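Let's walk through this structure together, beginning with its surface and then turning to a meeting of two helices.

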Amino acid sequence: MTTLTDPPKESFRLSMLINDTRYRSLTFQAIAAIALALAIFYLGNNLIQNLRAAGLNISYDFLGDPAGYDINQRLIEYDSQSSHARAALVGVLNTLLVAFLACVTATIFGVIAGVLRLSNNWIVSKLMAIYVEIFRNIPVLIWIIIIFTIMTAVMPGPREFRGDNATSSMVFDLFAFTNRGVYVPMPFFENGLFGNAVLNWVVVLAVAIGSWFATRAVNARATETQAQTGVRPNTLWINLAIWLVPFIALMFIMGLAWEVPELKGFNFKGGIKVGGPLIALWFALSIYTGAFIAENVRAGIQAVSKGQTEAASALGLRPNKVMNLVVLPQALRVIIPPLISQYLNITKNSSLAIAVGYADITATLGGITLNQTGRAIECVLLLMLFYLTASLLISMAMNVYNASVKLKER
Amino acid sequence: MADQDNNSIAFVATEVIPESPPPARETGVVKWLRENLFSSVTNTILTVLALGLIYLVLKATMPWIFNGLWTTSSLAECREILDGTTGACFSVLTERWNQLIYGFKYPVEEYWRPNLAFLLMLVAIAPVLFFDLPRKLLIITALFPFVAFWLIWGGTILAPLVALIGFVAAGAFFQTFGRSNFALGFFGAIVIALLVWSLGGAMIPEGASENALLPAVPSRDLGGFMLNMMLGLTCVSLSVPLGIALALGRQSNMPLIKGICVVFIEFVRGVPLITLLFVASVMLSYFFPPDATVDLFLRVVIMITLFSAAYIAEVVRGGLAALPKGQYEAADSLGLDYPQAMRLIILPQALKISIPGIVNVAVGLFKDTTLVSVISMFDLVGMIRGPILASTEWNGVYWELFGFAAALFFVVCYGISQYSQWLERKLHKGH
């Protein structure tokens with residue numbers, strides 16, 4: 001008879017820390033923890049010693065001091081007596097502005113170039129391939145500087161608009177393209193509802209959001225009707241009316257007027273000034289990232305199997321509808337994840353503003369403020385914190401959208 | 001099918017009619033044009049628009065390029081000769097060629113050193129890029145960093161020699177003990193290398209660089225496209241191993257190591273390179289010992305390497321995740337331990353999948369080396385924006401200079417991406 005006995009219980013031996021896979025990972029992690037602690041201690045100790053030797057301390061008090069420098073492109077009130085914190089806020093808003101603008105235009109460029117690259121027109125597809133290769137293989141910094149140079153060195157100065165035989169003239173008497181930037185008419189309200197410009201724009205925004213919800217409701221109803229009767233009611237006119245009627249009425253009540261830029265003294269006055277650095281940065285980021293997005297769009301469309309297109313055509317859909325109803329919804333699932341990282345890249349690349357003097361967060365907080373106050377560690381840390389937060393928020397928002405278009409599987 | 005009377009048929013062809021050529025519109029150029037350019041109204045409009053665009057671009061650039069001057073000594077002279085006609089002033093390139101390539105401080109009589117280093121680089125890189133070359137050439141690749149360092153920076157030959165000996169000793173130790181016990185070999189090799197370096201460093205006599213064979217050139221004198229090449233090459237080659245290590249760490253099932261890697265990767269990927277360069281230029285020296293002066297070049301290399309390592313780690317992680325689970329299980333069932341499984345089975349396949357991604361990161365990194373001009377290092381872009389455009393002779397020649405910079409980067413980056421596509425085709429085993 002054989003009897004089953006438990007294997008002898010092994011007692012813990014020191015060599016098991018290396019040789020036994022159950023304990024080895026603990027050993028390694030303990031070593032890693034000690035190494036990390038030592039490294040942090042070493043770096044922190046160096047930091048403290050260096051700061052003491054230089055007579056510095058870590059303090060964020062400088063943020064409250066007057067900044068003492070001017071920012072010419074800004075979205076909120078700011079003058080040289082404002083604090084460094086306010087300068088940083090101006091920078092943050094400027095970063096967000098250029099990142100948002102560039103994301104929109106880069107997507108437009110990218111989608112157009114990506115779709116055209118698959119065109120069966122030989123010349124067009126080759127042109128788009130050249131566009132993509134050229135812009136992808138040359139540093140974005142060089143593009144920003146080239147476009148900034150065009151803006152400043154090639155565009156006419158304001159004085160060339162002067163006099164009877166001026167060498168330059170305004171486009172339609174509304175837009176002025178000068179080496180200092182582009183001047184466009186600015187809308188304002190003559191008899192606003194509240195006497196406050198900001199509040200009036202909030203009203204406009206509220207009306208737009210209301211119209212959006214209304215059109216959504218109308219479309220949902222149309223879909224319901226279609227599901228019941230099989231015939232989709234024509235919603236185009238209703239939707240147009242929902243958008244336009246309240247909007248036009250509002251504009252009429254509030255008295256919309258345009259402030260047209262005019263040449264006064266040595267420069268243009270009035271209207272909205274879009275500075276040369278902003279345009280250079282915006283346009284360069286758009287065409288550069290557009291080339292990358294074009295490749296993503298092309299890969300996404302090619303990832304949709306040809307059978308899908310053929311099946312849709314066999315159902316009798318027109319090419320337009322095949323694209324909108326069958327190919328694009330499937331391609332979007334492939335396109336969106338890399339698109340998120342391109343948006344992140346735009347946001348991060350907008351930090352190159354410092355090369356052309358656009359007052360984004362890197363140029364205000366990381367540039368002039370850092371140089372004036374000498375608070376290198378505090379400024380760089382705040383800068384990193386801002387970009388980390390922005391990156392996280394963008395990827396969170398896009399992941400939510402990505403989840404909503406995801407293939408619904410069991 | 002009743003009986004057919006041949007006589008009732010009026011005409012019978014007795015010979016085969018020769019094949020006629022297809023109609024003109026269905027063959028050759030015409031067919032190609034009809035199918036590719038004018039297949040529909042929209043297509044025709046697009047074609048016409050594209051042709052118009054090409055015409056406009058060529059009309060603007062061709063006279064400018066072919067009318068270009070190459071031998072004047074200043075912009076004013078150039079404009080005088082051109083006398084109002086369109087034409088480029090490429091003379092800035094010929095006159096400032098040395099500055100564009102080597103920066104404006106590198107001693108002229110030492111230009112042969114970077115040149116030689118560049119040639120050696122081509123030889124050293126060849127066996128890495130093309131697997132058909134004899135493997136013995138890899139010895140040159142291994143020696144290249146030390147030789148190139150000595151050539152470009154000059155100074156005493158003892159410094160690179162000590163570094164080399166440290167690596168050789170570590171390699172020998174790993175060869176002897178690493179086979180049986182990876183951990184012992186690996187950590188022992190690190191200890192040996194550190195030992196050799198500290199001992200050797202102490203033995204280099206004070207002032208050995210003063211009357212060395214090659215005069216020492218400080219890092220701040222490096223510049224131009226040479227600086228871009230050096231930063232790009234160094235950082236890529238350093239960040240690939242680091243990135244692989246980070247990727248393996250991120251895939252590890254040890255929570256602490258995984259956590260460190262995740263935090264590092266996500267942090268670095270979340271901030272722009274410029275902020276890391278700011279760290280290198282204004283902040284990093286606070287973290288070194290008070291008496292150490294760490295060269296700006298080295299600080300920049302550290303930060304760019306960390307930056308691209310995080311991106312490479314994500315690419316390699318994708319490759320590791322794309323491998324079928326069976327490969328991991330096969331390695332386990334063969335009785336391989338973790339280092340062996342990784343080295344022999346997992347990493348070769350994962351890296352093959354990751355090649356396009358790694359090359360993308362490398363190209364991006366090479367382009368990003370232009371950002372060092374923001375922290376006032378005089379790389380190619382820094383040279384153009386700084387000393388050259390500020391000089392009285394060449395103030396105002398934007399197109400030629402930026403066109404040159406763009407062309408230089410385009411050639412290198414396009415070359416790298418074409419190589420990666422060739423490599424992908426070559427490594428593709430057809431399954």
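Helix α7 of chain A gives the most to a nonpolar surface patch, with seven residues; helices here are DSSP runs of H or I, at least four residues, numbered from the N terminus. I248(A) is found in this helix. The patch covers about 1100 Å², and its members include W212(A), F213(A), W243(A) and F247(A). Both α6 (197–229) and α7 (236–254) of chain A give two or more residues to it. Patch residues have over 30% relative accessible area (Shrake-Rupley, 1.4 Å probe) and no salt bridge (Lys or Arg side-chain nitrogen within 4 Å of an Asp or Glu carboxyl oxygen), with nonpolar side chains joined within 5 Å.

This is a predicted model: local features need pLDDT of at least 70, side-chain atom pairs 80 or more, while totals for chains, interfaces and linings use all residues. Residues are numbered from 1 along each chain, chains are lettered from A and ligands numbered from 1 as written, and side-chain values use heavy atoms, without hydrogens and water.

Now look at where the chains meet. The axes (lines fitted to C-alpha atoms over the stretch in contact, with angles from 0 to 180 degrees between N-to-C directions) of α2(A) and α11(B) come within 8 Å and cross at roughly 40°. The pair is therefore oblique, meaning neither under 35, over 145, nor 65 to 115 degrees. Q29(A) and L36(A) are among the contact residues (heavy atoms within 4.5 Å), as are P255(B) and I260(B).

Notes:
Patches are made of residues with over 30% relative accessible area and no salt bridge: like charges are joined within 9 Å, nonpolar side chains (Val, Leu, Ile, Met, Phe, Trp, Tyr) within 5 Å.
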